[in-house]
Structures are given as structure tokens and as C-alpha cells.
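Trainee: I would like a close look at one part of this model, the run of paired strands and the core they supply. Please go through it in one piece.

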Amino acid sequence: MKNLTLKITGLAVAATLCATITPSVNTYATNVQQNNISIAQTLNTKAVQYGWVTTHDGVGVILRKSTSTSSARLDAIPEGTKVKILSLLPNWYKVTYNGKTGYVARGYLVDKYGDAI
């Protein structure tokens, strides 16, 4: 009888732990998602951010008129150049460079530490 009681108690403890941990994990995931949205909204509306052009070949990137690789070229931005990021889009950054506002494809800007933005 003692073994049966211990097993049932152990299951109850395990069930209680799962019930306690699961909402915490879900809450954490929700907070991470909300923070990511909050960071993007802050960048889009309030904070002035800068990025530095980085490429694998060292040539630089094209500043485009719109969010398409077939859109008009406004300028060429050399490797290592600092640009002002105005907003983030799913696959593009809206930036200002050399007095012109245009778009740079995502993946070609890093922060001052060299990390992806």
C-alpha cells in the first residue's frame, strides 16, 4: 500500500510541476514575441538606428528606389559605410544615404559590433 501511495503522490507532484512550468514557458514565449514586435515598432517609430554595410565580396550594396531587386538604382553604397535606418520591412531596410532615401536588401547591414540587425 505504501508503494502505491508514493507512486500516486509522485504522479501528483509531477502533474503539479508540469502545470506550473507549462504556463511559465508559454508566458516566456509570448513575452519574447511581444518584445520582438516592440523592438521593431520602436525602430520603426521612435529610435534612430544606424547600420553599416557589409557584404561577402567587399563591393557594397545598391540603394534602390523601391523594395525590389529590379527597381531603379539610386546609388551604390560602399562596404563599411554607415547609413541611417528609417524602418524595417520583412526583407528590406528603408535607409538614408548621401541625402537619398531608398531601400537596401535585408542581410547587408550590421550594427556597430558587426552583428546582424
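Mentor: What follows starts with the whole chain and then moves to the strands, the core and one loop residue.

This is a predicted model, in which local features need pLDDT of at least 70 and side-chain atom pairs count only at pLDDT 80 or more, while totals for chains, interfaces and linings use all residues. Residues are numbered from 1 along each chain as its sequence is written, and side-chain values use heavy atoms, with hydrogens and water left out.

The protein chain has one helix and seven strands; helices (H or I, at least four residues) and strands (E, at least two) are DSSP runs, numbered from the N terminus. Their order from the N terminus is α-β-β-β-β-β-β-β. The chain holds 117 residues, 22% of them buried, where buried means under 20% relative accessible area, exposed over 50%, and partly exposed in between (1.4 Å probe, protein chains only).

Confidence comes next. The pLDDT, the predictor's confidence in each residue from 0 to 100, has a mean of 75 over the protein chain, and 59% of the residues reach 70 or more. Residues 11-22 stay under 50, and the model has one contact beyond four places in sequence for them; a contact means heavy atoms within 4.5 Å. Residues 24-42 also have a pLDDT below 50, with two contacts beyond near neighbours in sequence. Where pLDDT is low, predicted coordinates should not be read in detail.

Now the strands. S4 (residues 82-88) and S5 (residues 92-97) pair in the antiparallel sense over four bridges; two strands pair if DSSP finds at least two bridges between them. They form a hairpin with three residues between them. On the other side of the sequence, S5 is joined by six bridges to S6 (residues 100-105), and these two strands run antiparallel. S5 and S6 form a hairpin too, with two residues between them. Tyr93 takes part in both pairings: Leu88 has Tyr93 as its bridge partner in S5, and Tyr93 stands opposite Val104 in S6.

The turn between S5 and S6 contains Asn98. Asn98 has a positive phi of about 55 degrees although it is not a glycine. Most residues other than glycine have a negative phi. Asn98 counts as exposed because its relative accessibility is 58%.

Leu88, Tyr93 and Val104 are also among the 12 residues of the largest nonpolar core, which includes Val53, Leu63, Ile85, Val95 and Leu109 as well. A nonpolar core is a set of buried Ala, Val, Leu, Ile, Met, Phe, Trp, Tyr and Cys residues joined through side-chain atoms within 4.5 Å. S2, S4 and S5 each supply at least two residues of this core. Val95, leaving aside neighbours within four places in sequence, is in contact with residues including Leu63, Val83, Ile85, Val104 and Leu109.

Thr55 lies in the loop between S1 (49-53) and S2 (61-64). Thr55 counts as buried because its relative accessibility is 13%. Its side chain makes a polar contact of 2.5 Å with the side chain of Glu79, and another of 3.1 Å joins the side chains of Thr55 and Asp57. A polar contact is a pair of N or O atoms within 3.5 Å; within protein, one must be able to donate a hydrogen and the other to accept it, and residues adjacent in sequence count only if both atoms are side-chain atoms. Beyond neighbours within four places in sequence, Thr55 is in contact with Gly60, Val61, Glu79 and Tyr108.
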